[in-house]
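Biologist: I'm new to reading helix packing. Could you walk me through it?

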Amino acid sequence: MKRKSFQHKWSVLFYLLLPIIGGGWMGVSCSEESGQDIILDRSRAKTPFDYWLDSNYVAPYNIAYLYRYEDKESDMNYYTVPADYNKAIMLAHLVKYLCLEAYDECAGIGFTRRNFPKMIFTIGEWEYRNNGTFILGTAEGGKKILLTGVNELDQHIDNPDELNSYYLKTIHHEFTHILNQTKEYTASFQLITGTGYVADSWSNKPFDSGYLTRGFISAYSQHSDTEDFAEMLSMYIVNSPQQWAQWMQEAGDEGQRLINAKLDVVRAYMLTQWKIDIDQMRSCLQRRQADVAAGRVALGEELFE
């Protein structure tokens, strides 16, 4: 399978927001074991979806999945729109099956409760930037993941590669940032391709191509070592061994050596710091992604309006 290119119109950007100074994130408690409904707005009439979220997000994980538009959670630097109700339902089911329950399977539900952010906020459109890129998701202060482009989900739901590229890899990428914010990875990772990071120029020529041969698994990996680490892990676990082998062949001897050196650091970090075998995680995700592609996973149609 040839690697998908996003340069035909827009380049894909995963953008890490800086943690809020002083930890003053809404004053919300992060007690993951209590199973209490910590954020849901009870001033509104509850929908069937709200009750489903109570049972599937709040009770087991103490996670608030916010699908109603809230301007205080949005970035005012972008034009944003609310998430479509039915598509937000579909995405919630995908996140549950392909992310939360996958980490439960590989690391135990205690890991997911303790470490997955306590808020997932969704908006309808991508956050477009003026350099020809757009933001798929952000991780904020270890507490919140923003997922954008929910209203575009129906255009990609039947294409596993696009579903991965636009949504699922984003979640694993942003969760990697949160894990890194909790436990830092070794500085040796940054040194492997330390002179190759180009910040926001990653989407411009000549950096938008040939990155594999330079030791980067994606164009965006060239942004910084933090994005490189998150791309290495997320790209590895959501793609098949066959796809990874093809990329390594394209990388050539030197590119493959550099990528494998970084992968060794990522593998050791996840195993020693989090007790997660990334090869086991990849096998788990490949099986679950196949379940979704085959229609074996319900996506909440019974809750649709």
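Biologist: At what angle do the axes of helix 1 and helix 2 cross?

Modeller: First, the ground rules. This is a predicted model, where local features need pLDDT of at least 70, side-chain atom pairs count only at pLDDT 80 or more, and totals for chains, interfaces and linings use all residues. Residues are numbered from 1 along each chain as its sequence is written, and side-chain values use heavy atoms, leaving out hydrogens and water. Two packed helices are described by the angle and the distance between their axes. Here, helix 1 (residues 48–61) and helix 2 (residues 85–107) cross at roughly 20°, their axes coming within 12 Å. So helix 1 is roughly parallel to helix 2 (angles under 35 degrees count as that).

Biologist: Which residues of helix 1 make the contact?

Modeller: Contact means heavy atoms within 4.5 Å. Pro48, Phe49, Trp52, Leu53, Asn56, Tyr57 and Tyr61 of helix 1 do it, facing helix 2 residues including Tyr85, Ala88 and Ile89.

Biologist: And how do helix 6 and helix 7 cross?

Modeller: Helix 6 (residues 225–238) and helix 7 (residues 241–274) cross at roughly 105°, with axes within 10 Å. That makes helix 6 roughly perpendicular to helix 7, a label for 65 to 115 degrees. Among the residues that meet are Phe229 in helix 6 and Trp244 in helix 7.

Biologist: Where does helix 7 bend?

Modeller: A bend is the angle between axes fitted to the seven residues ending at a residue and the seven starting there. Helix 7 bends by about 125° at Gly252. Its 34 residues have end C-alpha atoms only 22 Å apart, short of the 50 Å a straight helix would reach at 1.5 Å a residue.

How values were computed
Axes fitted to C-alpha atoms, helices over the stretch in contact; angles between N-to-C directions. Helix = DSSP H or I, 4+ residues; strand = E, 2+ residues; numbered from the N terminus. Parallel < 35°, antiparallel > 145°, perpendicular 65-115°, else oblique. Expected span 1.5 Å × (residues − 1).
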